[in-house]
Amino acid sequence: MEEICKIKDLYRTLYLFEREFQTKNDITINEAMLLCALKDDTPRSANDICEFIGLSSSRGSRIINTTEQKGFITRTMGKEDKRQMIFTLTKEGKAKITEMSSKSLEIGKELQNLLNL
């Protein structure tokens, strides 16, 4: 039972961290991870992105859609397979990465304790 309580503490701490991150950056953690998947200027398919950020296809699709609606990524049809969508960063997406990189990532004491930092 002790492990369950620790996992609950971890979930709660991560939830608070994610909420603060989103408030400060106007982007969710998952959207930020999606931008990280594309930051090397390598176009990627939806499957590649989902694998990179560790999400199911359906959850990844929602994250891709919201990130696209915010103007941070763009999609094009695959050259070899027209059913495949390929995603790249927009100018706004690159600017968002630069903006987030210039800010320090504050990890609260609770999360530091859980991560043993």
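**Exercise 1. Find out why C50 forms no disulfide in this predicted model.**

Solution.
- Start with what the bond would need: a disulfide is a covalent bond between the sulfur atoms of two cysteines.
- Now look for a partner. For the sulfur of C50, the closest cysteine sulfur belongs to C36, and it is 15 Å away.
- Compare that with the cut-off, which asks for two cysteine sulfur atoms within 2.5 Å. At 15 Å, C36 is too far from C50 for a bond.
- Try it from the other end: C36 has its closest cysteine sulfur in C50, again at 15 Å and too far.
- Check the surroundings as well. C50 is buried at 6% relative accessible area, while C36 is partly exposed at 39%.
- Searching the whole structure gives the matching count: 0 disulfides.

**Exercise 2. Work out which side of helix α3 faces inward, and what it packs against.**

Solution.
- Pick out the buried residues of α3, which runs over residues 46-53: they are I49, C50 and I53.
- See how they are spread around the axis. Their arc is only 100°, so they sit on the same side of α3.
- The general rule helps here: an α-helix has 3.6 residues a turn, so residues three or four places apart point the same way.
- Turn to the other side of α3, and you'll find N47 and E51 exposed.
- Finally, list the packing partners of the buried residues: α2 (29-38), β1 (44-45), α4 (57-69) and β3 (85-89).
- Just past the helix comes G54, with a positive phi near 70°.

**Exercise 3. Describe how α3 and α4 meet.**

Solution.
- Take the axes: they come within 9 Å of each other and cross at roughly 105°.
- Classify the angle. Anything from 65 to 115 degrees counts as roughly perpendicular, and α3 and α4 are therefore roughly perpendicular to each other.
- Name the residues that make the contact: A46, N47, I49 and C50 from α3, with S57, G60 and I64 from α4.
- Sort these by character, and you get 4 nonpolar, 3 polar and no charged residues.

**Exercise 4. Decide whether K96 is buried or exposed, and say which residues it touches.**

Solution.
- Locate K96 first: it's in helix α5, residues 91-102.
- Read off its relative accessibility, 7%. The cut-off for buried is under 20%, so K96 counts as buried.
- Skip the neighbours within four places in sequence, and the contacts of K96 are N25, D26, I27, L35 and F72.

Note on methods. Residues numbered from 1 in each chain as written. Predicted model: local features only at pLDDT ≥ 70, side-chain atom pairs only at ≥ 80, totals over all residues. Heavy atoms only, no water. Buried < 20%, exposed > 50% of the residue type's maximum accessible area, 1.4 Å probe, protein only. Helix = DSSP H or I, 4+ residues; strand = E, 2+ residues; numbered from the N terminus. Arc of directions from axis to C-beta. Contact = heavy atoms within 4.5 Å. Axes fitted to C-alpha atoms, helices over the stretch in contact; angles between N-to-C directions. Parallel < 35°, antiparallel > 145°, perpendicular 65-115°, else oblique. Nonpolar A, V, L, I, M, F, W, Y, C, P; charged D, E, K, R; others polar.
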